[in-house]
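Reader: I'm new to this structure and would like a close look at one part of it. Could you pick a strand and walk me through its surroundings, step by step?

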There are 2 protein chains.
Amino acid sequence: MDPVTIGIAGGTGGMGQWFQNYFTQAGHAVRIAGRKTEVTYEDLVRDCDVVILSMPQKAAMAVAGRIGPAMREDQLLMDFCSQKAGIVAAMAGATRADVIGTHPMFGPSTASLAGQNIILCPARNSHNWLSWVERVFADGGAVVTRMEPEEHDRKMALAQSLKHFLTVSLARMLQTLDIRPDDAFLYATPIFRLNINLIGRLLAQDLSLYADLVSGNPQAPVVVDRFLAAMEESRRAFFSGDEQKAADYLTEIRKFFGDDFCKEALEETSRVIDAMYRS
Amino acid sequence: MDPVTIGIAGGTGGMGQWFQNYFTQAGHAVRIAGRKTEVTYEDLVRDCDVVILSMPQKAAMAVAGRIGPAMREDQLLMDFCSQKAGIVAAMAGATRADVIGTHPMFGPSTASLAGQNIILCPARNSHNWLSWVERVFADGGAVVTRMEPEEHDRKMALAQSLKHFLTVSLARMLQTLDIRPDDAFLYATPIFRLNINLIGRLLAQDLSLYADLVSGNPQAPVVVDRFLAAMEESRRAFFSGDEQKAADYLTEIRKFFGDDFCKEALEETSRVIDAMYRS
């Protein structure tokens, strides 16, 4: 793969640093610009083949509008935002360069790209940067999938907004019951221990990012309502007083997921639980 | 530790097999009786120092009533049921032997006792079997905690019933949306992938057991209501349109959990995530 020069705008943040390291090890030249660096975003536009916006969506949309018009047609403009409809439209509207909305589905504490998902929402591909982008991530073992921005945002309401909403709700419930982790760990199953630790993992990271992952997705309230509807079904199945009803409900769900998936899931989660008790 | 003879009634099941292996390796003699074995529960009472009821609660209560009166004062009667109030009262009422309600907080796919929780609800300790039981589990690295049966059952509504209720509700929601794991894995974060696999883990196991862990705990609906109240608070915090409100809500929750816990939780869950991608 021929080396290219990649500029990361907002590259002093966690994800910017992570990808600076990744691209550098892959043999590319990387330049970083942040709000406090001497190098400006305009310097990146002048000096780089690829410019990546690695910052919260609001800032990314503003920067796209500022630097987009100065980019050449043969360059590539990308972003790492968690939602895609707004930023992809903003980038495509601001520049004649190639545009690929990009969402790495992991955080900066992840050790390696192997097996990690990256979603691409290509908007303009006149100079075929798309195949370069797919290759540069696939070479590190990432699973790269193309998607429309709107489809991406709908899926993130499930994969991110709902999940974080539920983790925060469990955390809030433990807080209102004054149940502290050290006490709960004495009577926790491995799975409950894992869930409590997933609360800590969320709270250990950038809270404004998580707030935005839930609040900022307009599909999030819709998905929360779908979950509430499923809880209502579970309530009827489990608490009707009819034991057989609960078992039938579970059996019907198992049919949908299938035996092969359940077997693989048991194996993968058993590896996970073993890792929890290896300190 | 002097070897004793341990009889496991229902010992042909998953947990019975697990503990047969554990006790044997610890140097004790183990006898097994099931519904289809030649050895009867009455044989265990005659031949063993300790008799353990390893079966669903309803069966355990019936067997306690049947064999309890024949047990000698210097023997120990235990159970492995997931709820304690009913079975502990049934055992204590049926026999003059020592009685210790016991709940191993893990399933038969767990590799080792190290770090695993075991809860004891001692009801009669005339011959000091309690210290023997604490030692036999602590020697394997278990974290052994004493609790009143009612307190245990309240805590299990949180650690088991609610957790399983939420996992099943997520599964049901994915089913109603026709979202299959293979597709979801393409856009999953590591945490969402883990949550989907935890669905598979539950469904791979004994569904009537899980049905009972949720339906059979009278505190479960109360805890589900507490969780719904927390969801309602989360909804107001995240979807009010006021970004600062969500960030403040998260900050207040983080204060309750504390920085030390969050840091440790980030480390433990990072180990877990690494293990997921190592196949």
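Author: Let's begin with a word we'll need: a residue is called buried when its relative accessible area is under 20%. Keep in mind, too, that this is a predicted model.

Now to strand β3 of chain A, residues 50–53. V50(A) and I52(A) point one way from the strand, while V51(A) and L53(A) point the other way. Whichever way they point, all are buried.

Who are the strand's partners? On one pairing, β3(A) goes with strand β1 (residues 5–9) of chain A, in the parallel sense and over four bridges. There, A9(A) is the residue that stands opposite L53(A). On another pairing, β3(A) goes with strand β4 (residues 76–79) of chain A, again running parallel and joined by four bridges. In that case V51(A) stands opposite L77(A).

Let's stay with L53(A) for a moment. Leaving out residues up to four places away in sequence, L53(A) touches A9(A), which we've just met, along with L77(A), M78(A) and D79(A). Its other contacts are A60(A), V63(A), A64(A), I67(A), F80(A), I87(A) and M91(A). L53(A) also belongs to the largest nonpolar core, which has 138 residues. Within that core, L53(A), F257(A), L53(B) and F257(B) touch the most other members. Apart from it lies another core, of 27 residues, and I52(B), I100(B), L120(B) and F137(B) are among them.

One of the contacts of L53(A), F80(A), is also touched by H103(A), so to speak a handy stepping stone. H103(A) sits in strand β5 (residues 98–104) of chain A. Is H103(A) buried or exposed? With a relative accessible area of 3%, H103(A) is buried. The side chain of H103(A) makes a polar contact of 2.8 Å with that of H152(A). Besides F80(A) and H152(A), the residues touched by H103(A) include C81(A), S82(A), K84(A), N117(A), I118(A) and I119(A). M156(A) and Q160(A) are on that list as well, which again leaves out residues up to four places away in sequence.

Next, a helix of chain A. In α5 (residues 129–138), the buried residues are W129(A), L130(A), W132(A), V133(A), V136(A) and F137(A). They cover an arc of only 160° around the axis, so they're on the same side of α5(A). As a general point, an α-helix has 3.6 residues a turn, so residues three or four places apart point the same way.

What comes before that helix? N128(A) is in the loop between β6 (117–124) and α5 of chain A. Its phi is near 55°, a positive value in a residue other than glycine. That's worth a second look because most residues other than glycine have a negative phi. As for exposure, N128(A) counts as partly exposed, at 44% relative accessibility.

Chain B has its own version to look at. N128(B), in the loop between β6 (117–124) and α5 of chain B, has a positive phi of about 55° although it is not a glycine. N128(B) counts as partly exposed, at 43% relative accessibility. In helix α5 (residues 129–138) of chain B, W129(B), L130(B), W132(B), V133(B), V136(B) and F137(B) are the buried residues. They too cover an arc of only 160° around the axis, which puts them on the same side of α5(B).

Definitions and conventions: Residues numbered from 1 in each chain as written. Chains lettered and ligands numbered in written order. Predicted model: local features only at pLDDT ≥ 70, side-chain atom pairs only at ≥ 80, totals over all residues. Heavy atoms only, no water. Buried < 20%, exposed > 50% of the residue type's maximum accessible area, 1.4 Å probe, protein only. Helix = DSSP H or I, 4+ residues; strand = E, 2+ residues; numbered from the N terminus. Arc of directions from axis to C-beta. Core = buried A, V, L, I, M, F, W, Y, C linked by side-chain atoms within 4.5 Å. Contact = heavy atoms within 4.5 Å. Polar contact = N/O pair within 3.5 Å; in protein donor to acceptor, adjacent residues only side chain to side chain. Pairing = 2+ DSSP bridges.
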